[in-house]
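Reader: I'd like to go through this one and ask where the labels come from. Can we take it a few residues at a time?

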Amino acid sequence: DFLRSLFNKLEEKWQDPDFDIPEYCQAMAMSQSQLYRKTTGLTGMSCNVLLKDFRLEKAKELMKKQHYNISQITFESGFTSPSYFTKCFKKKYGMLPMSYIDLH
C-alpha cells in the first residue's frame, strides 16, 4: 500500500519542479524521517534519489517519443537546470542526453 501511494504521488507530480521532499512528506502525511526510513527500507533508495531517478526515467521516455531539445526535456521532466539534468543523466546512464537521443 505504501509503495503504491509513493509511486502514485511520483506519477502525479514528477513534472512539477517545485515538488520536493517537504512537499512529498506532506502529500504522504509523514515526517521527513518517517518517509526516508520507509522509502529506504522498501526501495533501497533515499527519497531524493527515488525522485531524481524517476524523473530521469521519464526523461528517457520523453526523448524516445518526442523531438525535444535538452532544455525542453529538462523542464518537462521536472528538473530546473539543463546542466544539472545532463550531469545526473550522464552519471546514471553513462552517456550524455544528446548521445541517447541520437541512438533513438
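Reader: How many residues apart are Lys58 and Glu61, and in which helix do they lie?

Author: They are three residues apart, about one turn of the helix, and both lie in helix α4. Keep in mind that this is a predicted model.

Reader: What makes Lys58 and Glu61 a salt bridge?

Author: The closest N and O atoms of Lys58 and Glu61 are 4.0 Å apart. The cut-off is a Lys or Arg side-chain nitrogen within 4 Å of an Asp or Glu carboxyl oxygen, so the pair is called a salt bridge. As for its cover, Glu61 is partly exposed, with a relative accessible area of 36%.

Reader: What other partner does Lys58 have in a salt bridge, and how far apart are the atoms?

Author: That partner is Glu11, with the closest N and O atoms 2.9 Å apart. Lys58 sits in helix α4 and Glu11 in helix α1 (residues 2-13), so this pair ties together parts that are 47 residues apart in sequence. The side chains of Lys58 and Glu11 also make a polar contact at 2.9 Å. Since a polar contact needs N or O atoms within 3.5 Å, that label fits too.

Reader: What makes Glu11, Lys58 and Glu61 one network?

Author: Shared partners: the salt bridges join Glu11, Lys58 and Glu61 into one network. A search of the whole structure finds six salt bridges.

Reader: Why is Lys58 called buried?

Author: Its relative accessibility is 13%, and buried means under 20%, so Lys58 gets that label. Glu11, at 41%, counts as partly exposed. Leaving aside neighbours within four places in sequence, Lys58 is in contact with Glu11 and Trp14.

Reader: How do you know that Lys60 has no salt bridge?

Author: The nearest side chain of opposite charge is Glu57, and it is 4.2 Å away from Lys60. A salt bridge has to be within 4 Å, so the pair does not qualify. Lys60 is buried all the same, and it is found in helix α4 (residues 47-65). Setting aside neighbours within four places in sequence, Lys60 touches Phe89, Tyr93 and Tyr100.

Reader: What makes Glu23 and Lys13 a salt bridge?

Author: Their closest N and O atoms are 3.3 Å apart, and the limit is 4 Å, so the name holds. Glu23 lies in helix α2 and Lys13 in helix α1, so the pair ties together parts that are 10 residues apart in sequence. Glu23 is partly exposed at 24% relative accessible area, and Lys13 is partly exposed at 23%.

Reader: Why is Ala29 called exposed?

Author: Its relative accessible area is 69%; exposed means over 50%, so Ala29 passes. Ala29 is found in the loop between α2 (21-28) and α3 (32-43).

Reader: What is the phi of Ala29?

Author: Phi of Ala29 is near 55 degrees, a positive value in a residue other than glycine. Most residues other than glycine have a negative phi.

Reader: Which residues form the nonpolar patch on the surface?

Author: Leu3, Phe7 and Leu42 form it, with about 240 Å² of accessible area together. Take Leu42, which lies in helix α3. Leu42 is at 49% relative accessibility, and a patch takes residues with over 30%, so Leu42 meets that cut-off. Exposed would need over 50%, so Leu42 is called partly exposed.

Terms used: Residues numbered from 1 in each chain as written. Predicted model: local features only at pLDDT ≥ 70, side-chain atom pairs only at ≥ 80, totals over all residues. Heavy atoms only, no water. Helix = DSSP H or I, 4+ residues; strand = E, 2+ residues; numbered from the N terminus. Buried < 20%, exposed > 50% of the residue type's maximum accessible area, 1.4 Å probe, protein only. Patch = residues over 30% accessible without salt bridge, like charges linked within 9 Å, V, L, I, M, F, W, Y side chains within 5 Å. Areas by Shrake-Rupley, 256 points an atom, 1.4 Å probe, with all protein chains shown as cover. Lys, Arg positive; Asp, Glu negative; His and termini not counted. Contact = heavy atoms within 4.5 Å. Polar contact = N/O pair within 3.5 Å; in protein donor to acceptor, adjacent residues only side chain to side chain.
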